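Welcome! Please take a look at the structure below, and then let us walk through some of its strand pairing and charged contacts together.

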Amino acid sequence: MPQEQHDQNVLDINNLHTGFLIDGELHHAVVDVNLSVKPKEVVCVVGESGCGKSVMSLSIMNLLPKINSKISKGEIIFNGEDLTQKTDEEMNKVRGKDISMIFQEPMTALNPVFTVGSQLQEVLFNHTDMSKQEARERGIDLLKQVGIPRPEKIIDEYPHQLSGGMRQRIMIAISIALNPKLLIADEPTTALDVTVQAQILELMKAIQEKEDMAIMLITHDLGVVAEMADKVIVMYAGKIVETANVVDLFTEPKHPYTKSMISSIPRMDEQKNKLNTIDGIVPSLKNMPHVGCRFADRCPKAFDDCTKITPQLAKVSDDHEARCLLYDACYPDTSSIEKEEVNQ
Ligand SMILES: Nc1ncnc2c1ncn2[C@@H]1O[C@H](COP(=O)(O)OP(=O)(O)O)[C@@H](O)[C@H]1O
Ligand SMILES: [Mg+2]
């Protein structure tokens with residue numbers, strides 16, 4: 001991308017809808033997602049398990065199972081191009097190079113029968129014309145960069161010889177090998193113990209700052225969000241329910257879902273036998289309510305309209321959006337529908 005476009009967004013997702021075919025019907029796991037990532041920005045996507053975070057990120061990478069899933073609407077603009085229109089071959093060129101992704105369980109992403117070095121080299125060989133020797137040197141360099149001790153030795157080891165934290169460092173090394181503009185990290189520390197989790201987050205932050213890279217960090221953990229985010233996207237049941245910068249989100253959360261999540265963060269100064277959790281569960285795709293707010297049945301603030309009127313995401317204060325009928329702006333905007341009809 002030319003330098004003069006530097007202030008342009010790295011990623012723009014517009015009106016994304018992604019669904020799965022279940023019993024012959026398309027059920028959406030991601031509905032009307034709009035978001036943007038600026039250069040060097042860390043955007044955290046947070047929500048409980050089953051809210052559509054992974055489906056959203058796999059949509060960006062075009063990695064969803066073709067057999068039963070479909071992006072039915074919307075666009076994903078990266079480097080000025082719509083990724084949803086790209087062929088598999090074209091996406092292969094983007095993946096690992098311009099956008100890379102790391103997952104929760106590095107053991108499943110790393111191939112157990114190949115050494116660390118050959119997996120690092122693979123991404124270098126696929127996208128550059130480096131020689132074997134150059135790739136090995138670059139590999140050792142990358143291992144150093146992610147804080148792997150004795151990289152000259154580790155490069156010849158197999159994933160199973162390493163700890164979970166080390167494996168995730170290797171995944172990070174692979175993911176930054178080609179200086180991507182965007183790293184998508186889907187629950188990268190969830191499988192790790194707390195100390196290692198903190199080290200990996202610190203490493204990601206350091207690399208992001210040094211390498212001029214944007215990160216979309218997906219997590220169910222608001223502690224991770226507080227640590228890492230510039231901007232936060234809260235998802236519930238496939239929809240964005242709140243977006244704000246990290247300070248506003250924690251100091252002035254707007255959506256009752258966000259408030260409930262914040263109040264269920266365990267606190268050091270409270271003696272409790274039981275963790276606070278939000279009562280109820282995220283509806284499954286087949287049980288998604290068709291009208292009203294999807295959180296209504298679990299919401300402590302729900303009132304009559306909440307099951308009858310579908311809220312829209314709207315600006316509720318400066319740079320802060322929510323999707324909740326407690327805010328007048330979130331009532332559906334009928335004037336825009338009328339305008340469309342007039343125009344036809
Ligand atoms: N391959 C799939 N086939 C059918 N449904 C799926 C598939 N993957 C995810 N889902 C459904 O999509 C919804 C969102 O899932 P997911 O994006 O994995 O949630 P999250 O990452 O937020 O925990 C869930 O209801 C889940 O059951
Ligand atoms: Mg997930």
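## Strand pairing and salt bridges

In this predicted model, Phe-20 sits opposite Ser-69 in strand E4. That pair belongs with a wider match: strand E1 (residues 11-22) and E4 (residues 69-78) run antiparallel and are joined by 8 bridges. On E4 there is another partner to find, strand E5 (residues 81-82), also antiparallel and joined to E4 by 2 bridges. Here Ile-77 faces Asp-82 in E5. The hairpin of E4 and E5 has 2 residues between its strands, and Asn-79 adopts a positive phi near 55 degrees there.

Now for the charged side chains. Across the whole structure, a search turns up 12 salt bridges. Three of them are set out here, with the distance between N and O atoms.

| Pair | N to O distance |
|---|---|
| Lys-40 and Asp-212 | 3.3 Å |
| Lys-97 and Asp-98 | 3.6 Å |
| Lys-210 and Glu-211 | 3.3 Å |

What does the salt bridge between Lys-40 and Asp-212 tie together? Lys-40 is in the loop between strands E2 (25-37) and E3 (42-46), while Asp-212 is in the loop between helix H8 (194-211) and strand E8 (214-219), so the contact links parts that lie 172 residues apart in sequence. Lys-40 is partly exposed at 42% relative accessibility, and Asp-212 is partly exposed at 40%.

As for the other pairs, Lys-97 is partly exposed, with a relative accessible area of 32%. Glu-211 is partly exposed at 22%, whereas its partner Lys-210 is exposed at 61%.

Terms used: Residues are numbered from 1 along each chain as its sequence is written. Chains are lettered from A and ligands numbered from 1 in the order in which they are written. This is a predicted model: local features need pLDDT of at least 70, side-chain atom pairs count only at pLDDT 80 or more; totals for chains, interfaces and linings use all residues. Side-chain values use heavy atoms; hydrogens and water are left out. Two strands pair if DSSP finds at least two bridges between them. Helices (H or I, at least four residues) and strands (E, at least two) are DSSP runs, numbered from the N terminus. A salt bridge is a side-chain nitrogen of Lys or Arg within 4 Å of a carboxyl oxygen of Asp or Glu. Buried means under 20% relative accessible area, exposed over 50%, partly exposed in between (1.4 Å probe, protein chains only).
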